[in-house]
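Thank you for making room for this on the agenda. Please have a look at the sequence and the structure first, and then I will walk you through a few places one after another.

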Amino acid sequence: MKFREGITMKFRELCTKEIVQLSNGACLGRADDLELDPATAQVKSLLLLGQPHLFGLLGRDETLVIPWTDIETLGVDAILVRTELPEPEAKKQGFWQKMRHWLDG
C-alpha cells in the first residue's frame with residue numbers, strides 16, 4: 001500500500017474518502033466501519049454496509065468487506081482498492097414484471 005511514512009489519519013477522515021475499485025473505476029461507497037485484530041490492534045478490513053430496504057426496516061443488502069491487504073493507495077480524496085466484487089444475484093421478477101411479460105405475450 002502506498003502511504004507516506006509518519007502520516008496519521010483519523011477514522012473520520014478515512015470515512016470521508018470514496019472507495020474506488022481499480023479494475024473498472026467503480027465507486028463502491030465510503031467506509032462505515034473498521035474491523036480490528038484484537039491481538040495486534042491493526043486494521044484487518046474496511047466494512048461498507050449494504051443498502052437498506054425500506055429505511056432499514058426490511059434489512060440490508062450484504063456488507064462488503066475489503067481486506068486491508070487489498071488497499072492499493074490511500075489518496076487525498078479516495079481509497080483505491082483491488083477488491084473484486086461478487087457477481088450480483090439475479091433478482092426475482094416481481095408481480096408487475098410478470099404481468100407485463102404475460103401481456104406482451
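Let me begin at Asp 33, which, once its neighbours within four places in sequence are set aside, is in contact with Phe 11, Ser 45, Leu 46 and Leu 47. Please keep in mind throughout that what you see is a predicted model. Asp 33 belongs to strand 3, which covers residues 33-37, and with a relative accessibility of 39% Asp 33 counts as partly exposed, because that class lies between the buried limit of under 20% and the exposed limit of over 50%. If you follow the chain on to Leu 49, you have moved 16 residues in sequence, and yet the C-alpha atoms of Asp 33 and Leu 49 are 8.2 Å apart in space.

Strand 3 also holds Asp 37. Asp 37 is partly exposed as well, with a relative accessible area of 26%, and, again without the neighbours within four places in sequence, the residues in contact with Asp 37 are Gln 42 and Lys 44.

Now let me step back to the whole chain. The protein has two helices and seven strands, and reading along the sequence you meet them in the pattern α-β-β-β-β-β-β-β-α. Of the 105 residues in the protein, 21% are buried. The accessible surface comes to about 8,600 Å², and carbon and sulfur atoms account for 55% of that surface. As for how the chain meets itself, if we take the contacts between residues at least 6 apart in sequence, 33% of them join residues at least 24 apart.

With that in place, we can come back to strand 3 and ask in what order the strands of its sheet are arranged. This is an open sheet of three strands, in the order 3-4-5, and the pairing is antiparallel. Strand 3 and strand 5 are the edge strands, each of them pairing on one side only, and from one strand to the next the twist averages 30 degrees.

How many bridges join strand 3 to strand 4? There are five, and the two strands run antiparallel; within this pairing, Glu 35 stands opposite Ser 45 in strand 4, and you will remember Ser 45 as one of the contacts of Asp 33. Strand 3 and strand 4 form a hairpin with four residues between them, and in the turn Ala 41 has a positive phi of about 60 degrees. On the other side of the sheet order, strand 4 and strand 5 also run antiparallel and are joined by four bridges. Here Leu 47, which is another contact of Asp 33, has Val 65 in strand 5 as its bridge partner.

Between strand 4 (42-48) and strand 5 (64-67) there is a loop, and I would like you to find Phe 55 in it. Is Phe 55 buried or exposed? Phe 55 counts as exposed, because its relative accessibility is 79% and the limit for that class is over 50%. Together with Leu 54, Leu 57 and Leu 58, Phe 55 makes a nonpolar surface patch of about 560 Å².

Finally, let us turn to the charged pairs, since the structure holds two salt bridges. In one of them the side chains of Glu 18 and Arg 30 meet, at 2.9 Å from N to O. This pair links distant parts of the chain, with Glu 18 in strand 1 (residues 18-21) and Arg 30 in the loop between strand 2 (27-29) and strand 3, twelve residues apart. Glu 18 is partly exposed, with a relative accessible area of 24%, and Arg 30 is partly exposed at 43% relative accessibility.

In the other salt bridge the side chains of Glu 72 and Arg 82 meet, with 2.4 Å from N to O. Here too the pair links distant parts of the chain, ten residues apart: Glu 72 lies in strand 6 (residues 71-74), whereas Arg 82 lies in the loop between strand 7 (78-81) and helix 2 (95-104). Glu 72 is partly exposed, with a relative accessible area of 24%, and Arg 82 is partly exposed, with a relative accessible area of 42%.

That is where I will stop, and I am glad to go back to any of these places with you.

Terms used: Residues numbered from 1 in each chain as written. Predicted model: local features only at pLDDT ≥ 70, side-chain atom pairs only at ≥ 80, totals over all residues. Heavy atoms only, no water. Buried < 20%, exposed > 50% of the residue type's maximum accessible area, 1.4 Å probe, protein only. Contact = heavy atoms within 4.5 Å. Patch = residues over 30% accessible without salt bridge, like charges linked within 9 Å, V, L, I, M, F, W, Y side chains within 5 Å. Areas by Shrake-Rupley, 256 points an atom, 1.4 Å probe, with all protein chains shown as cover. Salt bridge = Lys/Arg side-chain N within 4 Å of Asp/Glu carboxyl O. Pairing = 2+ DSSP bridges. Axes fitted to C-alpha atoms, helices over the stretch in contact; angles between N-to-C directions.
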